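Thank you all for coming this morning. I would like to walk slowly through one chain, beginning with its overall layout and then turning to one helix and one hairpin.

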Amino acid sequence: MTPQASRHIMYGDIENESGLEGVIMSKLAQRAQKLFIQHLRENNLKVTQERLALLDEIFATSDHLDADDLLARMKVKKRKVSRATVYRTLDLLVQCGLVRKSRLGREHYFYEKMEPGGGHHHMVCMATGKIIEFWDADLDERLRHICHDHKFRPSFISIQIQGLSEEGQKVEQETSFF
Ligand SMILES: [Zn+2]
């Protein structure tokens, strides 16, 4: 599936206004699981407990996780999942548009759940690895205008700013010779 096609998965009616985040998340997670199972079956892939457990883990958090984080979290839950399974499952989840993969920092890939209307950008601290999410509707509109001016139709807009967070600036000062 192309990245563009993967953006078209619909979550259906997800109530965002009940104010009960736990309930909303579990609804989102349930819907995601249904779509993932459908995707696996359509591709003649096995629906395994390991694959579903990995999906659950990603949808139970707002964190940006890398493959090692996921392996560690599975270990804590005493679930035996191989590194190969983690990578393969992450690929599948990205393919079907349920998980967003971002290269944050130099060579590091992070994974996070896709949420309806959850578009956002990232600031990455090069000293501490801290990731700050941000969103600005005016900026988004401006970028869409720029695309339009170039007769370009955007399917996914993602900005990454690398630099130093507040903590990172302190680390830098403490370790600087000058
Ligand atoms: Zn993010």
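When I speak of helices and strands, I mean runs assigned by DSSP, at least four residues for a helix and at least two for a strand, numbered from the N terminus. Please keep in mind that what you see is a predicted model. With those terms, the chain holds 7 helices and 5 strands, and, read along the sequence, they follow the pattern α-α-α-α-α-β-β-β-β-α-β-α. Of the 178 residues in the chain, 16% are buried.

Let us now look at helix H5, which covers residues 83–95. How far apart should its ends be? At 1.5 Å a residue, its 13 residues should span 18 Å, and because the end C-alpha atoms are indeed 18 Å apart, the two values agree.

Which residues of H5 are buried? They are Val 86, Thr 89, Leu 90 and Leu 93. Seen down the axis of H5, these buried residues fall within an arc of 105°, and therefore they line one face of the helix. The face turned away from that buried side carries Ala 84 and Asp 91, which are exposed. After H5 comes Gly 97, with a positive phi near 80°.

My last stop is the hairpin of S3 and S4. Strand S3, residues 121–125, runs antiparallel to strand S4, residues 131–134, and 4 bridges join them; one of the pairings puts His 121 opposite its bridge partner in S4, Phe 134. Between the two strands lie 5 residues, and in this hairpin Gly 129 takes a positive phi near 80°.

Definitions and conventions
Residues are numbered from 1 along each chain as its sequence is written. This is a predicted model: local features need pLDDT of at least 70, side-chain atom pairs count only at pLDDT 80 or more; totals for chains, interfaces and linings use all residues. The expected span of a helix is 1.5 Å times one less than its number of residues. A residue is buried if 20 or more other C-beta atoms lie within 10 Å of its own, exposed if 12 or fewer, and partly exposed in between; C-beta atoms are placed from the backbone. The arc is that of the directions from the helix axis to the C-beta atoms. Two strands pair if DSSP finds at least two bridges between them.
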